[in-house]
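Please explain this structure to someone who has not seen it before. Take the reader through its charged pairs, its backbone exceptions, its sheet and its helix packing.

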Amino acid sequence: MEVKNANAAMLSNYEVFRLLTDLKEQKKDSGKSKHSAGQQNLNTIMYETLKYLSKTPSSRQRPEMVQAFLSTMRDHKLTKAEKLQLLNHRPQTAVEMQLMVEESEERFSEEQIEELIQTISQLLPGDPEQEVPANAGAEMA
Amino acid sequence: MFVLVEMVDTVRIPPWSFQRQLNEAVSEELNKKLANKVVYNVGLCICLYDITKLEDSYIFPGDGASHTKVHFRYVVFHPFLDEILVGKIKYCSQEGVHVTMGFFDDILIPPESLQQPTKFDEAEQVWLWEYETDEGAHDLYMDQGEEIRFRVSDELFLDTSPTGPKIDETPPAQPGQSAAAAAAAPAQDTNEKKFAPYTLIGTISEPGLGLLSWWNN
């Protein structure tokens with residue numbers, strides 16, 4: 001076996017999540033679980049990875065959201081790795097932004113960081129559990 | 001977190017699978033070979049992304065199976081340096097905090113990379129952060145099962161391919177002693193530790209890193 005390119009492309013968590021869910025659907029449709037001894041490794045890794053990814057905000061994204069997010073981010077000067085981390089983690093505080101964007105204090109002002117956080121909250125879906133209490137509060141008032 | 005790796009390999013399809021579509025048979029073989037396995041200096045392989053090229057299949061004398069050279073792309077877990085990841089604390093030991101992500105277990109945060117000042121509680125086998133505020137010192141425990149955000153500071157790849165049998169270096173023993181020498185050699189092999197082929201070293205010594213509960217308002 002030969003590795004031609006160990007870093008051909010970076011994948012976002014959402015892409016891997018979609019790939020694994022589609023693969024799972026395919027396997028369910030085909031029905032038979034032949035060679036189950038050999039498939040065990042694939043089943044294990046698929047199950048664990050899906051379990052991990054379904055708990056992250058990136059599992060709730062859709063292709064249009066990712067596209068909109070990336071085109072908006074094109075104007076801000078962020079590296080590919082930084083944009084990928086913002087897409088995967090959906091930071092909501094300035095502290096988280098500082099972790100993912102290198103030297104954020106020197107490259108961006110506080111208002112710009114706030115603006116970025118607002119854009120991220122608008123374009124990327126968050127945790128439905130976190131948003132429900134806010135709605136309940138609004139209804140009661 | 002995940003990267004696409006281009007690889008080339010020769011896949012062997014046994015004759016009883018000849019009725020299947022070549023693409024399907026090849027995909028299954030590749031997943032059987034690579035899924036959930038660590039490739040040296042590449043990362044933990046997750047699943048097949050796609051097949052880019054299938055070359056001609058050959059049958060060699062003496063083996064009824066077909067051999068096909070396949071160019072394909074595989075999804076591999078390989079976080080880049082300084083990437084932020086979220087995991088769960090598996091357990092704490094003197095070596096540091098062991099973190100797991102479900103599909104990947106061998107993540108270690110050594111004591112030097114924990115939020116300082118930190119202390120190891122022997123009784124409860126847990127690391128804690130002695131956080132000082134104006135009101136006084138709080139002990140923040142790093143309990144099992146807690147979600148933790150960390151930065152990847154280093155990665156270690158270990159070649160765990162099998163090595164040949166050890167050559168006995170002791171001089172040929174007398175007939176009376178040879179039984180004892182033979183008994184000692186297998187005992188040595190069973191004491192060897194199993195090393196993880198891929199380990200991640202993390203750090204949480206920055207504002208924002210550590211247990212998620214520490215930073216959520």
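A salt bridge is a side-chain nitrogen of Lys or Arg within 4 Å of a carboxyl oxygen of Asp or Glu. The model shown here is predicted, and 14 such salt bridges are found over all its chains.

One of them lies in chain B, where the side chains of Glu28(B) and Arg20(B) meet with N and O 2.8 Å apart. Are these two residues buried or exposed? Both Glu28(B) and Arg20(B) are buried. Buried here stands for a relative accessible area under 20%, while exposed stands for over 50%.

Another salt bridge of chain B joins Arg73(B) and Asp50(B), whose closest N and O atoms are 2.7 Å apart. This pair ties together distant parts of the chain, since Arg73(B) sits in strand E4 (residues 66-77) of chain B and Asp50(B) in strand E3 (residues 43-59) of chain B, with their positions 23 residues apart. Arg73(B) is partly exposed, at 23% relative accessibility. Asp50(B) also has a relative accessible area of 23% and is partly exposed, because values between the buried and exposed limits are classed that way.

Chain A offers a salt bridge within one helix. Glu25(A) pairs with Lys28(A), and their closest N and O atoms are 3.9 Å apart. Both belong to helix H1 (residues 13-30) of chain A; because they are three residues apart there, about one helical turn separates them. Glu25(A) is partly exposed, with 40% relative accessible area, whereas Lys28(A) counts as exposed at 57%.

The backbone comes next. Most residues other than glycine have a negative phi, and most peptide bonds are trans. Where does the model have a cis peptide bond? The bond between Gln116(B) and Pro117(B) is cis, with omega about -10 degrees. Pro117(B) is placed in the loop between strand E7 (107-109) and strand E8 (118-121) of chain B.

Two residues other than glycine can be picked out for a positive phi. In Arg90(A), phi is near 55 degrees. Arg90(A) is part of the loop between helix H4 (80-89) and helix H5 (94-100) of chain A, and its relative accessibility of 9% makes it buried. In Asn41(B), phi is near 65 degrees. The loop that holds Asn41(B) runs between strand E2 (38-39) and E3 of chain B. With 45% relative accessibility, Asn41(B) is partly exposed.

Strand E8, named above beside the cis bond's loop, also belongs to a sheet. Three strands of chain B form this open sheet in the order E8-E9-E10, with antiparallel pairing. E8 and strand E10 (137-141) of chain B are at the edges; each has a single partner strand, so one side of each has no neighbour in the sheet. On average, neighbouring strands of the sheet are turned by 30 degrees against each other, direction ignored. E8(B) pairs with strand E9 (residues 126-132) of chain B over four bridges, in the antiparallel sense. Which residue of E9(B) is the bridge partner of Phe120(B)? That partner is Trp127(B).

The last topic is helix packing in chain A, with helix H3 (residues 63-73) as the starting point. H3(A) packs against H4(A) at an angle of about 140 degrees, and the two axes are 11 Å apart. The two helices are therefore oblique to each other, because only angles over 145 degrees count as roughly antiparallel. H3(A) passes H4(A) in a right-handed crossing. On the H3(A) side the contact is made by Val66(A), Phe69(A), Leu70(A) and Met73(A), and on the H4(A) side by Lys83(A), Leu86(A) and Leu87(A).

H3(A) also packs against helix H7 (residues 110-123) of chain A, at an angle of about 160 degrees and with the axes 10 Å apart. This angle makes H3(A) roughly antiparallel to H7(A). The crossing of H3(A) past H7(A) is right-handed. Here Met65(A), Ala68(A), Phe69(A), Thr72(A) and Met73(A) of H3(A) meet Leu116(A), Thr119(A), Ile120(A) and Leu123(A) of H7(A). Phe69(A) and Met73(A) take part in the contact with H4(A) and in the contact with H7(A).

Conventions:
Residues numbered from 1 in each chain as written. Chains lettered and ligands numbered in written order. Predicted model: local features only at pLDDT ≥ 70, side-chain atom pairs only at ≥ 80, totals over all residues. Heavy atoms only, no water. Buried < 20%, exposed > 50% of the residue type's maximum accessible area, 1.4 Å probe, protein only. Pairing = 2+ DSSP bridges. Axes fitted to C-alpha atoms, helices over the stretch in contact; angles between N-to-C directions. Parallel < 35°, antiparallel > 145°, perpendicular 65-115°, else oblique. Left-handed = near helix turned anticlockwise from the far one by under 90°. Contact = heavy atoms within 4.5 Å.
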